[in-house]
Amino acid sequence: AKSVGAIFAGLTAFTALNRASDSLTNLENRIGLVTGRTKDLIAVQKELIAISVRTRGTTNSTAEVFTKFGKSLSGTGISNRRLLSATETVQKAIAVSGTTAASAEAAIFQLGQGLASGQLRGEELNSVLEQTPRLAQAIAEGLGFSVGELRALAEAGKLTSEKVFKALISQTEKINSEFSTLKPTFEQATTQLGESIKRILGEFSKATGGTEKLTKFILKIADSLNSFADDIGIIVFETRLQ
């Protein structure tokens, strides 16, 4: 019983390491789509993690905002520094909205979808309006309109990614001031604890190279099994012909 329990515990720990390592790799891949595989990638990754800590959010949601803004504004000449600034403003506006972690993730996903399409409208805009009202207010005020006028602006095609970006940048100081008055919630504290553990496990797994070696080993097994399946298929086919 003890050996079974030890094996189970070992598998659980190994699975956690793999997931943490994959999460870190996926983060690098997503950032790389904006920065390219350059020295900026590591610097941006570190800053996104720092932003998630400062804003009491998740690294995943922070990266979602950065990458969607980055890809939609590609070719406009906007620097990574300004993209990071807008990302932090979004995260802080969401925190000021007082929404739950689940609602925040949903709103960020919808915002990302809108940014990816080049315009914020329809379901994506509704999600921002309903789940992160302070973010919607920041966009509206940055454009010089009221929140109630956002839907009309969206229908007219005026909530482009670039305009939303510039609107949020203009509201940075105001959002920072409001965010500074917030007290951390228990949910935010536990979220940060989980994020910290995940990052530690991911870095440990990468440093030891355990996950990479196991991944190559599993791929070799998969290739062998595929070859074996092909051989069986050939044998079965030849047998039917006889």
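Hi everyone, let's start with a pair of charged residues: Glu88 and Lys92 are both buried, where buried means under 20% relative accessible area, exposed over 50%, and partly exposed in between, with a 1.4 Å probe and protein chains only. This is a predicted model, where local features need pLDDT of at least 70, side-chain atom pairs count only at pLDDT 80 or more, and totals for chains, interfaces and linings use all residues. Residues are numbered from 1 along each chain as its sequence is written, and side-chain values use heavy atoms, leaving out hydrogens and water.

Back to our pair. Glu88 and Lys92 sit four residues apart, about one turn, in helix α4 (residues 80-97); helices here are DSSP runs of H or I, at least four residues, numbered from the N terminus. Glu88 makes a salt bridge with Lys92, with the closest N and O atoms 3.1 Å apart. That term means a side-chain nitrogen of Lys or Arg within 4 Å of a carboxyl oxygen of Asp or Glu.

How many salt bridges does the structure hold? There are eight. In one of them, Glu178 meets Arg134 at 2.7 Å, N to O. Glu178 belongs to helix α10 (residues 172-179) and Arg134 to helix α7, so this pair ties together parts 44 residues apart in sequence. Is Arg134 buried or exposed? Arg134 counts as buried because its relative accessible area is 6%, whereas Glu178, at 25%, is partly exposed. Salt bridges with shared partners also join Glu47, Arg54, Glu88 and Lys92 into one network. Within that network, Glu47 pairs with Arg54, the closest N and O atoms being 2.8 Å apart.

Terms used:
Helix = DSSP H or I, 4+ residues; strand = E, 2+ residues; numbered from the N terminus.
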